[in-house]
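Here is a short briefing to read alongside your structure. Keep the 3D view open and follow the bullets at your own pace.

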Amino acid sequence: MTDDASKHPADTMEPQRLAGILTFLQEAERLKDTIRSGSTRKGRPESTAEHSWRLTLMVLLFQKELEGIDLLKLVKLCVVHDLGEAISGDIPAPLQQDGDDRETRERQDFQTLCAGLAEDIAKDLLSLWDEYAGASTAEARLAKAFDKLETILQHHLMPPQSAEFHGFNLTYGTSRTDQFPLTRQIREVVDNQTRVLLSEAQD
């Protein structure tokens with residue numbers, strides 16, 4: 001039996017490494033003021049930090065259905081996926097266009113955010129960001145799928161929206177959510193609620 005009382009973190013760390021982490025945290029706080037196009041159920045503009053938190057909570061709730069998936073990796077991807085927006089902000093999905101260099105800009109912003117970190121920490125974070133952006137693993141593809149689902153679920157909580165708004169949600173991110181049986185199942189339930197809201201908006 002392992003004696004938990006014997007486990008303890010390192011007593012101290014190199015001052016410059018510590019300073020880099022604290023500076024990064026203070027800069028990443030900008031994500032709390034990075035506003036998305038959606039809102040809370042009370043109509044207050046939603047921040048990207050709030051979206052990232054609920055996305056992370058969402059994957060934790062489904063962890064028992066994610067057998068074979070590296071849950072820690074998935075959680076890390078959800079935490080870092082939008083951190084670049086702390087600098088340049090969020091571009092709403094309907095306004096995103098092919099060839100707008102959005103991903104390149106976000107990566108550069110993320111690198112700027114990581115500039116003061118120790119090299120190994122910055123390398124690890126950038127590797128996670130690239131994994132997510134490239135959807136190069138099952139964990140990254142799941143993170144992208146859950147990202148779309150969380151967004152639409154938040155849209156359902158917003159004050160009444162237009163039929164056009166809900167119509168967009170029916171097609172938003174389907175290429176991502178169609179990739180796994182679980183996210184397809186969740187999407188079916190979510191889309192049914194979207195159709196109800198769409199019908200109400202058309203009345």
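Trp-129 is buried in this predicted model, with a relative accessible area of 4%. That is under the 20% cut-off for a buried residue. Its ring partner, covered next, is Phe-110.

**The aromatic pair**
- The structure holds 3 aromatic pairs, and one of them joins Phe-110 and Trp-129.
- Their ring centres lie 6.4 Å apart and their planes meet at 25 degrees, so this pair counts as stacked.
- Phe-110 belongs to helix α5 (residues 102-114) and Trp-129 to helix α6 (residues 119-134), so the pair links distant parts of the chain, 19 residues apart.
- Phe-110 is buried too, with a relative accessible area of 0%.

**Helix α6 and its surroundings**
- The 16 residues of α6 should span 22 Å at 1.5 Å a residue, and the 22 Å between its end C-alpha atoms agrees.
- Buried residues of α6 include Ile-121, Leu-125, Leu-128 and Tyr-132.
- The buried residues of this helix pack against α1 (15-28), α3 (71-80), α5 and α7 (138-157).
- Lys-144 lies over the face of Tyr-132, 4.1 Å from the ring centre.
- Just after α6 comes Ala-135, which has a positive phi near 45 degrees.

**The hairpin**
- Strands β1 (residues 35-39) and β2 (residues 45-47) pair in the antiparallel sense over 2 bridges.
- Ile-35 stands opposite Ser-47 in β2.
- Between the two strands of the hairpin are 5 residues, and Gly-43 takes a positive phi near 90 degrees.

Notes
Residues are numbered from 1 along each chain as its sequence is written. This is a predicted model: local features need pLDDT of at least 70, side-chain atom pairs count only at pLDDT 80 or more; totals for chains, interfaces and linings use all residues. Side-chain values use heavy atoms; hydrogens and water are left out. Rings of Phe, Tyr and Trp (its six-membered ring) pair if their centres lie within 6.5 Å; planes under 30 degrees apart count as stacked, over 60 as edge-to-face and the rest as tilted. Helices (H or I, at least four residues) and strands (E, at least two) are DSSP runs, numbered from the N terminus. Buried means under 20% relative accessible area, exposed over 50%, partly exposed in between (1.4 Å probe, protein chains only). A charge sits over a ring if NZ of Lys or CZ of Arg is within 6 Å of the ring centre and within 35 degrees of the ring normal. Two strands pair if DSSP finds at least two bridges between them. The expected span of a helix is 1.5 Å times one less than its number of residues. Contact means heavy atoms within 4.5 Å.
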